[in-house]
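Reader: Hi! Could you walk me through this model? I have a few quick things to ask.

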Amino acid sequence: MAEIAGFAGMSHSPFATLLPPPAEGGPGARFLADAARVHRAVEALAPDAIVVIGPDHFHGNFYDVMPPFVLGVEHAAGFGDFGSTEGPLPVAGPLAWSVHTGLTDAGFDVSLSYSLTVDHGIVQTYEMLTGGTTLPMVPLVVNTAAPPLPSLRRCVDLGRALGSALRAAAFPGRVLVAASGGLSHWLPSNDPREVAGERRESLIHGRADVRAFAAAREPRVRAMGGDPGARVNAEWDRWFLDRLSAGDAEAVAGLGHEALEEAAGSGGHEVRCWLIGQVAAGRPLAWTGYEPVPEWITGMGIGTTFPVG
């Protein structure tokens with residue numbers, strides 16, 4: 001049986017890799033220092049595999065067919081957006097299939113991918129936690145853009161099922177559970193019901209030429225960086241991290257979709273990844289650090305369930 005070595009939750013942002021390293025005390029400096037400390041702690045834990053829970057930003061999944069959850073079981077490749085690694089990534093196939101069996105037995109019909117494309121929503125946190133791309137991974141992609149958004153309570157239930165599946169897995173090693181999701185941030189809508197024209201076509205049909213879609217989208221994202229007036233709800237971010245620190249994921253689940261978006265923005269739906277991971281680990285979160293970084297258009301948080309020196 002596998003042992004859950006711990007949990008690490010981390011915000012991601014394109015600007016963590018796009019912008020020059022901040023000067024001491026500059027925007028994002030505290031977050032990057034905390035990320036380096038967590039990386040050293042992960043090295044000391046020496047996990048044999050990592051389950052990474054994160055979103056996709058329309059590099060692998062589109063609204064021609066949009067699943068709420070996708071589990072990679074054989075091959076995975078980084079898209080290479082915003083400075084993240086492009087190309088093949090190691091997948092812990094036997095562990096992934098054990099996860100699939102456990103989730104199925106618990107009543108979750110997650111979509112499977114034998115060839116999964118993952119973007120910075122998975123890869124950035126994977127790289128920052130492990131220091132590279134060699135540790136075998138199990139990628140679990142959660143839709144956080146627009147319906148079919150899994151409910152917050154469904155995510156809590158999935159976390160419980162994931163934790164049970166990992167503990168019962170026929171995998172003789174230690175598994176780190178990692179969540180990659182931004183905290184509060186406000187983004188333009190990615191709901192096909194709310195956008196029109198070329199952008200709507202890309203959200204639905206972007207799979208036909210994903211590189212062209214990404215090339216058109218990335219400059220728009222880059223243009224959002226560096227704005228010190230960008231909206232971040234630091235008070236809500238701290239409330240959310242406090243709830244996970246108290247082991248009270250149910251309080252977050254009780255918010256529901258609309259209250260979450262009102263308090264944390266459309267990008268705040270990515271906290272679903274944190275919920276799944278923390279509940280799977282089964283231990284309260286310990287804050288490692290938090291920094292509101294409006295220049296990166298998000299609140300950047302890190303939390304773990306293992307000691308960080």
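Author: Happy to; we can go through pockets, helices, cysteines and one strand residue in turn. Keep in mind that this is a predicted model.

Reader: Good to know. Pockets first, then: how much space lies in the largest pocket?

Author: The largest pocket holds about 670 Å³ of space. Its lining is made up of 37 residues, and those nearest the centre are Leu187, Pro188, Asn190, Arg217 and Ser266.

Reader: Which helices supply at least two residues of that lining?

Author: Helix 6 (197-205), helix 7 (210-222) and helix 10 (256-264) each do. Helix 7 has the largest share, with four residues.

Reader: And how does the lining of the largest pocket divide by class?

Author: There are 15 nonpolar, 13 polar and nine charged residues in the lining of the largest pocket.

Reader: Thanks! What about enclosed space: how many cavities of 30 Å³ or more does a search of the whole structure find?

Author: The search finds one cavity of that size, and the space in the largest cavity is about 60 Å³. Around the largest cavity are Asp56, Phe58, Asn61, Met66 and Pro67, along with Val141, Val142, Asn143, Thr144 and Ala145.

Reader: What classes do the residues lining the largest cavity divide into?

Author: Six are nonpolar, three polar and one charged.

Reader: Switching to cysteines. How many disulfides does the structure hold?

Author: Zero. Cys155 is in no disulfide, and the nearest cysteine sulfur to that of Cys155 belongs to Cys273, 7.7 Å away.

Reader: Why is there no bond from Cys273 to Cys155?

Author: Because the sulfur of Cys273 is 7.7 Å from the one in Cys155, its closest cysteine sulfur, and that is too far for a bond. The cut-off used for a disulfide is sulfur atoms within 2.5 Å.

Reader: Is Cys155 buried or exposed?

Author: Cys155 is buried, at a relative accessible area of 0%. Cys273 is also counted as buried, with 0% relative accessibility.

Reader: Cys273 is in helix 11, right? How many residues of helix 11 are buried?

Author: Yes, Cys273 is among the buried residues of helix 11. Eleven of the eleven residues in helix 11 (residues 271-281) are buried, so this helix is largely enclosed by the rest of the structure. The buried residues include Arg272, Trp274 and Gln278.

Reader: Nice. Which residue follows helix 11?

Author: Gly282 does, and its phi is positive, near 75°.

Reader: Let's do helix packing. At what angle do the axes of helix 2 and helix 4 cross?

Author: The axes of helix 2 (residues 29-45) and helix 4 (residues 120-130) cross at roughly 65° and come within 7 Å. From helix 2, Phe31, Leu32, Ala35, Val38, His39 and Val42 take part, meeting Met128, Leu129 and Thr130 of helix 4. In this contact, seven residues are nonpolar, two are polar and none is charged.

Reader: Last one: where is Ala77 found?

Author: Ala77 is in strand 3 (residues 69-79). Ala77 is partly exposed, with a relative accessible area of 27%.

Reader: Which residues is Ala77 in contact with, leaving aside its neighbours within four places in sequence?

Author: Those are Gly87, Pro88, Leu89, Leu116, Thr117 and Val118. As for Ser11, 66 residues from Ala77 along the chain, the C-alpha atoms of these two residues are 21 Å apart.

Reader: Great, that covers my list. Thanks a lot!

Technical notes:
Residues are numbered from 1 along each chain as its sequence is written. This is a predicted model: local features need pLDDT of at least 70, side-chain atom pairs count only at pLDDT 80 or more; totals for chains, interfaces and linings use all residues. Side-chain values use heavy atoms; hydrogens and water are left out. Axes are lines fitted to C-alpha atoms, for helices over the stretch in contact, and angles run from 0 to 180 degrees between N-to-C directions. Contact means heavy atoms within 4.5 Å. Ala, Val, Leu, Ile, Met, Phe, Trp, Tyr, Cys and Pro count as nonpolar, Asp, Glu, Lys and Arg as charged, and the others, Gly among them, as polar. On a 1 Å grid over the protein atoms alone, a cavity is a set of points where a 1.4 Å probe fits but cannot get out, and a pocket is an open set with protein on both sides within 12 Å along at least five of seven lines; lining residues have an atom within 4 Å of a point. Grid points are joined across faces, edges and corners, and a volume is the space filled by probe spheres set on the points. Buried means under 20% relative accessible area, exposed over 50%, partly exposed in between (1.4 Å probe, protein chains only).
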